[in-house]
Amino acid sequence: MDILIHTLSGAAVASAAACVVFEKTKDRFKLLALGAFAGALPDVDALSMWSGFDATFGKWFSLQETGGDIYSGSHWYSHHVFMHSLLASVFFPVVFIGAKAAIKKQKPTRLQWMKGLVFTISFNGHLAGDLPTPGGSWDGIAYFFPSSHYLGGLGLTHWWNNYDIFLILLLCVIINTVVILLVRKKQWICSIVLTVSITLCVVQLHRRHFDFNSKQYTYEQRSQKSLELQKEFLGETVFNAMRKFDESLPVHF
C-alpha cells in the first residue's frame, strides 16, 4: 500500500483509541497524530530509494551496494525487513518511554504505556496493509524478524491505485474526528466505525479477483488492471477525481 493509506490506517486506529483513552479533545487529536505517524513510520526504510542516498548515506557508511540494491535486498535495514516487523513495532515505543522515564527519573505512567500500545497497534496496521500486496523481491514482510520467514506477498491488490481503500479509511477518520469534536460519552461509536471500515477494506481487497503476483503480465499491465478495477468499483466520476488527485501528488499513490 502507499504511504497515504498507511498514514490513514494508523490515524484510523488511533481515532478509535482516542475516544476511549482521553476525554479532552486536544489529547485525542495528539493521539490521532501519533497513530498517523506510527502508520507511516515503517516505510522510512525506503530511504535507500532516495535519489541522493548513494552520495550521502551510502558514502558516509561506506555501503558496498547502491540504494536500489539495498532497497530490494534482505539486509536488516532493507525495505520490508526490520522496519516491517513485530519487533520494531514494540521496540520504538519501549525505547522512547524508557528514555523519557530515565530522563525524568520517574517510572512510566499507565497513560504512557497506553500511548505506546496505540503506537504499536497503529504501526502494525501498516504491516497488515502490506500483506495483500505483491511479494516483490522480498516475498512479503519479515514480520517475525530476525527470523528469515516472510509473511504476505499475497498479490490480492497492487501496491498503488487502491483508491477504494484510501476513501474507506479517509471516511473512517473523518467520521471519528466529527465524533471527537461533537459527540460526548459515545466512545463506542468510534470503535464501531473502525470495525466497519476494516471489514469493508477486507471485502474490497477480495473483490479484485486478479493475481497481482502473476508473471504473465508486465508491471505496467498489472498497474493498468488495478486502475480498471478502481474505475469499476468507484464509478467514472469518483475515479476521475481520484485519478486527478493522484497525478497531482509527488509520491506514489
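**Helix packing and backbone features in a predicted model**

Biologist: In which loop does K105 lie?

Modeller: This is a predicted model. K105 belongs to a stretch outside the helices it connects, the helix before it being α5 (86-104). K105 therefore lies in the loop between α5 and α6.

Biologist: Is K105 buried or exposed?

Modeller: Phi of K105 is positive, near 55 degrees, although the residue is not glycine. A residue counts as exposed over 50% relative accessible area. K105 has 75%, so the residue is exposed.

Biologist: Are α1 and α6 roughly parallel or antiparallel to each other?

Modeller: Helix α1 (residues 3-21) packs against helix α6 (residues 110-130) at about 150 degrees, with the axes 8 Å apart. Angles over 145 degrees count as roughly antiparallel. The two helices are therefore roughly antiparallel.

Biologist: How do the residues of the contact of α1 with α6 divide by character?

Modeller: On α1 the contact includes V13 and A17, and on α6 it includes L111 and I121. The residues divide into eight nonpolar, seven polar and one charged.

Biologist: Is A11 buried or exposed?

Modeller: A11 is placed in helix α1. Beyond its neighbours within four places in sequence, A11 is in contact with L32, G35, A36 and V173. Under 20% relative accessible area counts as buried. At 5%, A11 is therefore buried.

Biologist: Is the peptide bond from F145 to P146 cis or trans?

Modeller: P146 lies in the loop between α6 and α7 (163-182). Omega for the bond from F145 to P146 is near 15 degrees, and the bond is cis.

Methods. Residues numbered from 1 in each chain as written. Predicted model: local features only at pLDDT ≥ 70, side-chain atom pairs only at ≥ 80, totals over all residues. Heavy atoms only, no water. Axes fitted to C-alpha atoms, helices over the stretch in contact; angles between N-to-C directions. Helix = DSSP H or I, 4+ residues; strand = E, 2+ residues; numbered from the N terminus. Parallel < 35°, antiparallel > 145°, perpendicular 65-115°, else oblique. Contact = heavy atoms within 4.5 Å. Nonpolar A, V, L, I, M, F, W, Y, C, P; charged D, E, K, R; others polar. Buried < 20%, exposed > 50% of the residue type's maximum accessible area, 1.4 Å probe, protein only.
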